[in-house]
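Trainee: I'd like to go through a few residues with you. Can we pull up the structure?

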Amino acid sequence: MNRTIHFLFAAATLLSFTHPLFAQQSGTIEYEVTAKTDPERMRGFQRSGDDAAEIPDVITFKQTFTFNNNVGKITTERPDFGGRRQQPGGDTTRNPRRPGMGPRGNNAQYVDLANKKYEQVFTTFGDDKKTYYTEEDYIFTANNKSSDKTKKIAGYTCKKATIQLKEDTYTVWYTTELPFSFSPVNGLLPDSNAVVLAAEGSKRAFTAKNVSLKAVTETDLTIPANAEKISQEQMREIRKQEMDKLRKRQP
């Protein structure tokens with residue numbers, strides 16, 4: 001009897017390390033992101049006196065998805081361009097459709113892994129700050145062009161798919177070996193159990209450089225308790241109003 005118990009325990013331990021359903025559900029995915037810029041448009045975000053600074057045609061930066069069980073948060077370390085740099089510790093995160101954009105320090109992007117939703121948080125400027133959030137369901141693309149090709153990315157076997165998202169076509173590499181579903185860009189999920197580890201379009205590309213299953217110390221992986229839920233239309237209007245205020249303050 002004791003031998004049987006020891007055998008079952010050893011088998012369960014082995015499965016916990018080999019089967020995705022038993023894999024540790026906390027850790028990080030670190031993406032390298034490259035994006036083409038519009039130098040003329042980016043000059044509008046420069047501070048006074050930075051007009052002569054060179055703005056590159058392509059920028060590269062790091063994006064990290066931190067997850068713990070059923071929640072997660074996306075943070076983006078902005079690159080140095082035009083005399084402005086987002087520090088690694090800054091609370092600048094991305095809209096799932098526009099990486100690295102938006103006013104500095106007032107955006108946060110969370111992910112509800114259990115219910116498959118992106119949660120965009122926005123805090124207004126000024127002394128009377130208010131925090132809002134809106135939800136967006138995962139968009140699964142069933143009509144993607146699948147392929148039998150596979151390759152390893154960050155240690156995981158990935159399948160290839162080609163997905164049309166709005167006016168752009170993406171080559172997507174995804175794995176089903178992780179115990180949740182996620183994409184750095186909503187609309188690029190070819191499978192309900194997929195984690196996208198690489199995606200390349202004509203203007204931007206994401207490549208996972210490291211996937212680490214480990215205990216995480218971050219505790220702010222859920223939306224703030226004081227955040228007010230609003231519609232996506234209301235969020236767009238509030239963000240537009242805040243951007244207009246910022247432009248008026250600039251000399």
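Mentor: Sure, and keep in mind that this is a predicted model. Leaving aside neighbours within four places in sequence, T134 is in contact with Y118, E119, Q120, I230, S231, Q232 and M235.

Trainee: Which strand is T134 found in?

Mentor: Look at residues 131-137, since T134 is among them. That stretch is strand β6.

Trainee: Is T134 buried or exposed?

Mentor: Go by the relative accessible area, which is 8% for T134. Buried means under 20%, so at 8% T134 is buried.

Trainee: Which residue's backbone nitrogen does the side chain of T134 reach?

Mentor: We've already met this partner, as Q232 is one of the residues in contact with T134. The cut-off for a polar contact is 3.5 Å. Here the side chain of T134 comes to 3.3 Å from the backbone nitrogen of Q232.

Trainee: Moving to backbone angles, what is phi of K166?

Mentor: K166 sits in the loop between β8 (156-165) and β9 (168-175). K166 isn't a glycine, yet its phi is positive, near 55°.

Trainee: And how accessible is K166?

Mentor: Exposed means over 50% relative accessible area. K166 clears that cut-off, so it counts as exposed, at 62%.

Trainee: Where is N69 found, and is N69 buried, partly exposed or exposed?

Mentor: N69 also has a positive phi, about 60°, without being a glycine. N69 lies in the loop between β2 (58-68) and β3 (71-77). Its relative accessibility is 45%, so N69 is partly exposed.

Note on methods. Residues are numbered from 1 along each chain as its sequence is written. This is a predicted model: local features need pLDDT of at least 70, side-chain atom pairs count only at pLDDT 80 or more; totals for chains, interfaces and linings use all residues. Side-chain values use heavy atoms; hydrogens and water are left out. Helices (H or I, at least four residues) and strands (E, at least two) are DSSP runs, numbered from the N terminus. Buried means under 20% relative accessible area, exposed over 50%, partly exposed in between (1.4 Å probe, protein chains only). A polar contact is a pair of N or O atoms within 3.5 Å; within protein, one must be able to donate a hydrogen and the other to accept it, and residues adjacent in sequence count only if both atoms are side-chain atoms. Contact means heavy atoms within 4.5 Å.
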